[in-house]
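Please examine the model shown below together with its sequence. The paragraphs that follow lead from the ligand site to the sheets and then to the core.

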Amino acid sequence: MPSITLSRVALLTSGFVAHLAQAYTQVDVASPFMYKNIDPIVFPGQYDKSHLHSFFGSDAVTINTTTSAELQKGCTNVENPNDLSVYWVPTLLYQKDGSWEPVPVMRFSAYYSLGDTKAEVPIPQNVKMLAGKATATTAAEMPAEAHAEWFCEGSSSGAADTNGFPSSTCATHLQQLLYFPNCVNTDTLETAYKAGQPGNYKACPAGMKAMPQLRFSVRYDLRKVLPNGWSGTAPVQLACGSAYCSHGDFINGWTEDAAQNMVEATSSKNKFAAVDGSLGSDGEKPTCKSADADPDHGTSDYAESVAAMGKRSVPAVGWVSRNRLVRSLSTK
Ligand SMILES: *[C@@H]1O[C@H](CO)[C@@H](O)[C@H](O)[C@H]1NC(C)=O
């Protein structure tokens, strides 16, 4: 259920002032419909180049996807039938019996316009966006505007560990935030961030208009897969490396009428507003079953994805000692 309390906590946790948050909308996805080593934005038309990603939304996505219309032919696992966008992030992994496996996702939420002022235009059809930087290996290399963050939901996360993850066990969920550009040139579909920061945004660059700002919020449940928790280096990694490589990708697949309704839904202050459309109402659960549109190519296995890239798995700082720690904890 959309909850303003949770989102306020998230804003406050991340250190932003939430007093002027505008209305926002949010769509939820229960879990990824596919893990796969493709990236139609960064490596269009190519296999074996990308690290492993977790995909949410329209299952029409393939290496070749470039338009909203293609996505709108798919089945979406978003709990809003008007949202046929595709969203993806590098897969978060933990070690199980010597191999790296995806950490279960408790919920993926796409927020729109949380803490932002009313949009001037809807998110245009065919818009593609990236937030964060897959090659960043330090906090300093991360693009500041993406405000990429990892923290324990509703509890203290302690200081970040050497890889940028919380340094002690989360009581419930490990949460990831990522902010996307909120300005667009409606002719070229180039995107950019407003000046300022969430909760206190200023103007878009010249020639651009304000569109609803997308923010990813991913909640991972570590309780079953890491029942002994951790203290020190968190026993997880992203398929791209440490928390500093945190990034997200989006190709718009909202139907045009719902994308327009989203602008209206973000016009009044401080409350959640549902976005309905010609395909149904906000919150409606998927009635179709999402599946990989191209199952004969690529892999959903982390080790195979690493081998396909022709690289050895390059551990982030601290993985070795972390593995030892996990083992010693689990023998207690
Ligand atoms: C991607 O496009 C290429 C070139 O048109 C085509 O050969 C290939 O079958 C397409 N792959 C998928 C999965 O759509």
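The residues around the ligand are Gly45, Thr62, Ile63, Asn64 and Asp294. Sorted by class, this shell comprises one nonpolar, three polar and one charged residues. The model in which this site is seen is a predicted one.

From the ligand site, the description turns to the fold as a whole. The protein has 332 residues, of which 48% are buried. Its secondary structure consists of five helices and 18 strands. As for the separation of contacting residues along the chain, consider the contacts between residues at least 6 apart in sequence: 73% of these join residues at least 24 apart.

Two of the sheets may be followed strand by strand. One is an open sheet of five strands, arranged in the order β1-β7-β16-β10-β9 with antiparallel pairing. Its edges are formed by β1 (25-29) and β9 (149-152), each of which pairs on one side only. On average, and with direction ignored, neighbouring strands here are turned by 20° against each other. Within this sheet, β7 (residues 105-112) and β16 (residues 214-221) are joined in the antiparallel sense over seven bridges. A point of reference for this pairing is Ser109, which stands opposite Ser217 in β16.

The other sheet is likewise described by its strand order. Five strands, β2-β3-β4-β18-β8, make up an open sheet, and their pairing is antiparallel. Here β2 (34-36) and β8 (128-132) are the edge strands, each pairing on one side only. The average turn between neighbouring strands of this sheet, direction ignored, is 20°. The edge strand β2 pairs with β3 (residues 53-57) in the antiparallel sense, over three bridges. In this pairing, Lys36 stands opposite His53 in β3.

The last element to consider is the nonpolar interior. In soluble globular proteins, nonpolar side chains tend to be buried together. In this model, the largest nonpolar core holds 79 residues. Which residues touch the most other members of this core? They are Tyr87 and Met262.

Met262 can be used to trace connections between segments that are separated in sequence. Once its neighbours within four places in sequence are set aside, Met262 is in contact with Thr25, Tyr112, Pro122, Pro212, Trp254 and Val275. Two of these partners lead back to the sheet described earlier: Thr25 belongs to β1 (25-29), and Tyr112 belongs to β7 (residues 105-112).

Technical notes: Residues numbered from 1 in each chain as written. Predicted model: local features only at pLDDT ≥ 70, side-chain atom pairs only at ≥ 80, totals over all residues. Pairing = 2+ DSSP bridges. Helix = DSSP H or I, 4+ residues; strand = E, 2+ residues; numbered from the N terminus. Axes fitted to C-alpha atoms, helices over the stretch in contact; angles between N-to-C directions. Core = buried A, V, L, I, M, F, W, Y, C linked by C-beta atoms within 7 Å. Buried ≥ 20, exposed ≤ 12 C-beta atoms within 10 Å, placed from the backbone. Contact = placed C-beta atoms within 7 Å. Near = placed C-beta within 6 Å. Nonpolar A, V, L, I, M, F, W, Y, C, P; charged D, E, K, R; others polar.
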